[in-house]
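Trainee: I have a new model open and would like to learn how to read it feature by feature. Could you walk me through it?

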Amino acid sequence: MALQAASLVSSTYVAPQEGKSSASFKDSSLFGVSLSDHLKATLSTSALRCKRDLNQKVGAVRAQTMATASPAVTRSAPEGKKTLRKGSVIITGASSGLGLATAKALAETGKWDVIMACRDFLKAERAAKSAGIAKENYTVMHLDLASLDSVRQFVDNFRRSGKPLDVLVCNAAVYQPTAKEPTFTAEGFELSVGTNHLGHFLLSRLLLEDLKKSDYPSRRLIIVGSITGNTNTLAGNVPPKANLGDLRGLAGGLNALNSSPMIDGGDFDGAKAYKDSKVCNMLTMQEFHRRFHEETDIIFASLYPGCIATTGLFREHIPLFRLLFPPFQKYITKGYVSEEESGKRLAQVVSDPSLVKSGVYWSWNKDSASFENQMSEEASDPEKARKVWELSEKLVGLA
């Protein structure tokens, strides 16, 4: 276009050769004005007009070239939706039951990178393959919640991986309903509370810093609760009932040497130890909410996904119970929920943009619609939550 503009000028005005003016106009005049001067003025005006037209056309060419070369800076470019990276979620106990079903539900969306934090590495790999989870959507990492050293090593390994952390799901649990004598973690805590509560407490406290650094739109820390720890329900009133008492056992270290292995300081009961640990889980979630939600905007939540009567959690129960419990839940109480359905519910708490209220204990009705459930008086006691938090800090070495 610039060459065309120059050609236009050339065809409009040809300057006279140096030292040669038109002799035929030298002595002529028009109304007293020299024709020679008149011609000079006319040619000069024409030249200026052509030069101005040329500058305008060259400027237009430059503007068009710049716009073509850098479209990202044009103000008229429409603002589209930002493309988000895949979310990164850690799920403890993801080699079976609720954890595996949740990992599968999230991985199948193609929007999540699932870190399966499990005690048995090979079991988790086989479970993921058997469930049909695409390899590009999950990673197995070793974590034994019954060892605080393992928890710290897991956190270190996770950070070395360079992965971000957007959601942490504390799901793994130990349940020993028929145990006559307590067993203990590596640090000497009663196994159920030491694993379900103290292991997750340390894990959550350490990984809170990673959640704070996440740039994901909705960061969440989810601790799985249980209806059995909620004494305001029918299931929660089945003996032995959860009861933390004055926490004297927790203060004493939950060992059988200088204190009781039970949180309330009583005699060991495997079923009650599990229920007590679930109360601690719900209290911990609420204390996280009170201490950190306003500061960080991280969503802290708990849930009861329904009665998964066929889960491996009951593998240590008596055979007759394992045989009769599923049909009892299916046909009598109507509270039965499949592992697949429960996994979808927990995945909903992980990712659903409508479930962003912090400090909430989620449940589902018979139509599988989520709702905010009420916790028992003990499970929602802020003073007890504070005491459990402070005692737990000492036991895991954070105080």
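Mentor: Gladly! Let's begin with the aromatic side chains: Phe201, Phe288, Phe292, Phe300 and Trp389 form one aromatic cluster. Keep in mind throughout that this is a predicted model.

Trainee: How many aromatic pairs does the structure hold?

Mentor: There are 8 aromatic pairs in the structure. One of them joins Phe154 and Phe158, whose ring centres are 6.5 Å apart with 15 degrees between the planes, so the pair counts as stacked, the cut-off being under 30 degrees.

Trainee: Where do Phe154 and Phe158 sit, and why are they separated by about one helical turn?

Mentor: Phe154 and Phe158 belong to helix H5, residues 148–161, and because they are 4 residues apart there, about one helical turn separates them. Both Phe154 and Phe158 are buried.

Trainee: And what is the geometry of the rings of Tyr175 and Tyr274?

Mentor: The centres of the Tyr175 and Tyr274 rings lie 4.7 Å apart and the planes meet at 50 degrees, so this pair is tilted. The pair links distant parts of the chain, with the two positions 99 residues apart: Tyr175 is in the loop between strand E6 (167–170) and helix H6 (191–213), while Tyr274 is in helix H8 (residues 270–296). Tyr175 and Tyr274 are both buried.

Trainee: Let me stay with H8. Is Ser277 buried or exposed?

Mentor: Ser277, which lies in helix H8, is buried, because its relative accessibility is 0% and the limit is under 20%. A polar atom of the Ser277 side chain lies 2.5 Å from the backbone oxygen of Tyr274, so you meet Tyr274 again here. Leaving aside neighbours within four places in sequence, Ser277 is in contact with Ser192, Val193, Asn196 and His197. You can also compare sequence with space: Ser277 and Ala173 are 104 residues apart along the chain, yet their C-alpha atoms are 9.2 Å apart.

Trainee: What should I look for around a polar residue such as Thr92?

Mentor: Look at where it sits, how covered it is, and what its side chain reaches. Thr92 is placed in strand E3, residues 87–92, and is buried, with a relative accessible area of 0%. The Thr92 side chain makes a polar contact with the side chain of His200 at 2.9 Å. A polar atom of that Thr92 side chain also lies 2.8 Å from the backbone nitrogen of Asn171. Beyond four places in sequence, the residues in contact with Thr92 include Ala117, Leu143, Leu145, Val169 and Leu203.

Trainee: What about Arg345: which helix holds it, and is it buried or exposed?

Mentor: Arg345 is found in helix H10, residues 339–351, and it counts as buried, with a relative accessible area of 8%. Not counting residues up to four places away, Arg345 touches Pro305, Gly306, Val337, Trp364, Asn365 and Ser368.

Trainee: How many disulfides does a search of the whole structure find?

Mentor: First the general idea: a disulfide is a covalent bond between the sulfur atoms of two cysteines. Here the search of the whole structure finds 0 disulfides. As for individual cysteines, Cys118 is buried at 2% relative accessible area, and Cys280 is buried at 0%.

Trainee: Could you show me how to read one whole helix?

Mentor: Try helix H11, residues 382–396: its 15 residues reach 21 Å from first C-alpha to last, close to the 21 Å expected at 1.5 Å a residue. At its start, a side-chain oxygen of Asp381 comes to within 3.0 Å of the backbone nitrogen of Glu383. After H11 comes Gly397, with a positive phi near 85 degrees.

Trainee: Which helices do the buried residues of H11 pack against?

Mentor: They pack against H5, H6, helix H7 (248–251) and H8. Among the buried residues of H11 are Ala385, Val388, Trp389, Leu391 and Leu395; Trp389 is also a member of the aromatic cluster we started with.

Trainee: And what does the overall picture look like?

Mentor: The protein has 11 helices and 10 strands, and buried residues make up 45% of its 399 residues. Of the contacts with a separation of 6 or more, 73% involve residues 24 or more positions apart. The protein exposes about 21,200 Å², of which carbon and sulfur atoms supply 54%.

Note on methods: Residues are numbered from 1 along each chain as its sequence is written. This is a predicted model: local features need pLDDT of at least 70, side-chain atom pairs count only at pLDDT 80 or more; totals for chains, interfaces and linings use all residues. Side-chain values use heavy atoms; hydrogens and water are left out. Buried means under 20% relative accessible area, exposed over 50%, partly exposed in between (1.4 Å probe, protein chains only). A polar contact is a pair of N or O atoms within 3.5 Å; within protein, one must be able to donate a hydrogen and the other to accept it, and residues adjacent in sequence count only if both atoms are side-chain atoms. Contact means heavy atoms within 4.5 Å. A disulfide is a pair of cysteine sulfur atoms within 2.5 Å. Rings of Phe, Tyr and Trp (its six-membered ring) pair if their centres lie within 6.5 Å; planes under 30 degrees apart count as stacked, over 60 as edge-to-face and the rest as tilted. Accessible areas come from the Shrake-Rupley method with a 1.4 Å probe; for residues, only the protein chains shown count as cover. The expected span of a helix is 1.5 Å times one less than its number of residues.
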